[in-house]
Amino acid sequence: MSFLSIRNLSVRLRKGPPLLRAVSLEVAAAQVHGLVGESGAGKSMIGKAVLGILPPSVEVTGGEIWLDGVDLLRLPARVRRQKIGATCALIPQDPLTALNPSHRIGPQITDRLVDILGWTRADADARARDLLAEVQIADPDRVMRSYPHELSGGMRQRILIASAFAAEPKLIVADEPTTALDVTVQKQILKLIGGMQARHGTALLFVTHDLGVVSKVCQRLSVLYSGLVVEDTSVADFFAAPGHPYSAALLAATPKYTDPAAGLQPVPDAVIAAVRAEVAAFDAGGAHG
Amino acid sequence: MLDGRSMVRRRAGARLWLSALWLGLLCLAALLAPWVAPKDPLAQDLFLGRLPPFWVQGAEPGYWLGTDSLGRDVLSRIVHGARVALMVALVAGTVTCLVGATLGLLAGFLRGWVDMVISRLIDIWMAFPPVLFSILLIAVLGPGLWSIIIAIVVIDWTRFARVVRAEAMAQGAMDYVASARVAGRGRIGTMLREILPNVLPTIVVLLTLEMGIAVIVEAILSFVNLSISTDDPTWGGMISEGRTSIHQAWWVLVFPLVTLFLTVLSFSQLGEGLKDRFDPVLR
């Protein structure tokens, strides 16, 4: 059985339009699952629903989120928090706002281990030092004494990756972890995340709009349009032959480094119309059923 | 690696030291008033009325800043007035800050119905004209030091609540708050550990501003004779009395006014100076 199994998850704005339309996906242990789609397709919303950090303006209207054999949505809030805290972590999008500017780096990594998981201070410090070394930070002791504003964006993203792995989680949600970074730094960070994931055997839910990134780190992917999963397939199959016209158009719209002269292909209007019709058909069906 | 910003030692700032010096002197004067004040602030002597300050022709030795129309020593009255002013500033400022910042933090971080209730309350509260509201409150509570303090807290908590709410909301949207929640920190824990330290510099600035405002409010209420009993000297009361003899004895009005001005200025500069020095992001 999959480690994370989302079944028919529906989310909408309170008294507003749906944001996720019966999303289903399976992530096996130690697998990397990509979530791709345009802005506003609901990629991040899936990750937030799993981690229980949906904004207050959003509500879950149906479905199940099975994590490690329990349906998170049916757990009482306190138990759910503990379950998520013990098994999941987040690598956020923007390293500039993801570290608390008022605290030094060391405590930001270790306090959660000490306060919430009951580690000893010495164990937590040693763990943080090891992880910082693992993400190739040259002088872990010095960095642990620094404030976030004293470090560069790439450094901060490394720290966030180290911090995400600190409690040895089984699932990490990476919400566009390279989007806010320089292109040259992006590649290093991707390699780092891939390496850490493989070494620690962590399942990864990887939110991105960059198909190039997906081809490098993911094994499976779900393509979303307007909160509807239009395709859920293995990465190899996807790049060989996309199973849905929208996926094919999305793939064609990706710039090719091998052939820059080819230019960019916009997603054709006919494809957009077709996928919108699918969404409309789903909504009509949902209303009747 | 570590960039140059961490190497720069920020200057301590003259304004921090100057304002701290003035407020320190004032605190000493207030604490030691009976021993420091050269004369009895209440002693009247009609033969010594309207003596000018020491550098003007006709000054009497011992009456450094002159006397008012009843022959009371201006300097001694200013020194004794500092007791009321500082008492109001410290107590009213702190209590206002605690009430307002707590409500603002709760509203801004918890959102939902808590925010609804507190925000509507702020809106309604701020629709009252503050001066009339305070005069009304004093009229109900009766004049006295504690009435002034209560009036300031009741009126000014919205100042903190509004700003802290907005700041807490902005901080609440940051990714580090999401990370803390994922890690399993509770709502109150997240609020105190993740949000509060980032709102604290703003709270400190507001607190010192509020202390200055409290001094002014006390002076205004003394000016309209609604402060503490008229026997105890207050800066506002002195300004009010000095106003009637401004053409014959300017010093009765000007010295308490300058003291008031310097004190309020020092409070606000102290806040800015502290923020510069202790905000890790600016540091």
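**Helix packing and cores**

Visitor: Which hand does the crossing of α3(B) and α8(B) have?
Guide: This is a predicted model, where local features need pLDDT of at least 70, side-chain atom pairs count only at pLDDT 80 or more, and totals for chains, interfaces and linings use all residues. Residues are numbered from 1 along each chain as its sequence is written, with chains lettered from A and ligands numbered from 1 in the order written. A crossing is left-handed if the near helix is turned anticlockwise from the far one by less than a right angle, and right-handed if clockwise. The crossing of α3(B) and α8(B) is right-handed.

Visitor: At what angle do helix α3 and helix α8 of chain B pack?
Guide: Axes are lines fitted to C-alpha atoms, for helices over the stretch in contact, and angles run from 0 to 180 degrees between N-to-C directions. For residues 74-110 and 187-223 of chain B, the axes are 7 Å apart and the angle is about 145 degrees.

Visitor: How many helices does chain B have?
Guide: Helices (H or I, at least four residues) and strands (E, at least two) are DSSP runs, numbered from the N terminus. Chain B has zero strands, and its helices number 10.

Visitor: Which helix of chain A gives the most to the largest nonpolar core?
Guide: Such a core joins buried Ala, Val, Leu, Ile, Met, Phe, Trp, Tyr and Cys residues through C-beta atoms within 7 Å; buried means 20 or more other C-beta atoms within 10 Å, exposed 12 or fewer, partly exposed in between, with C-beta atoms placed from the backbone. Of its 86 residues, I161(A), A162(A), L205(A) and F206(A) touch the most other members. Seven residues come from the top contributor, residues 153-165, helix α6.
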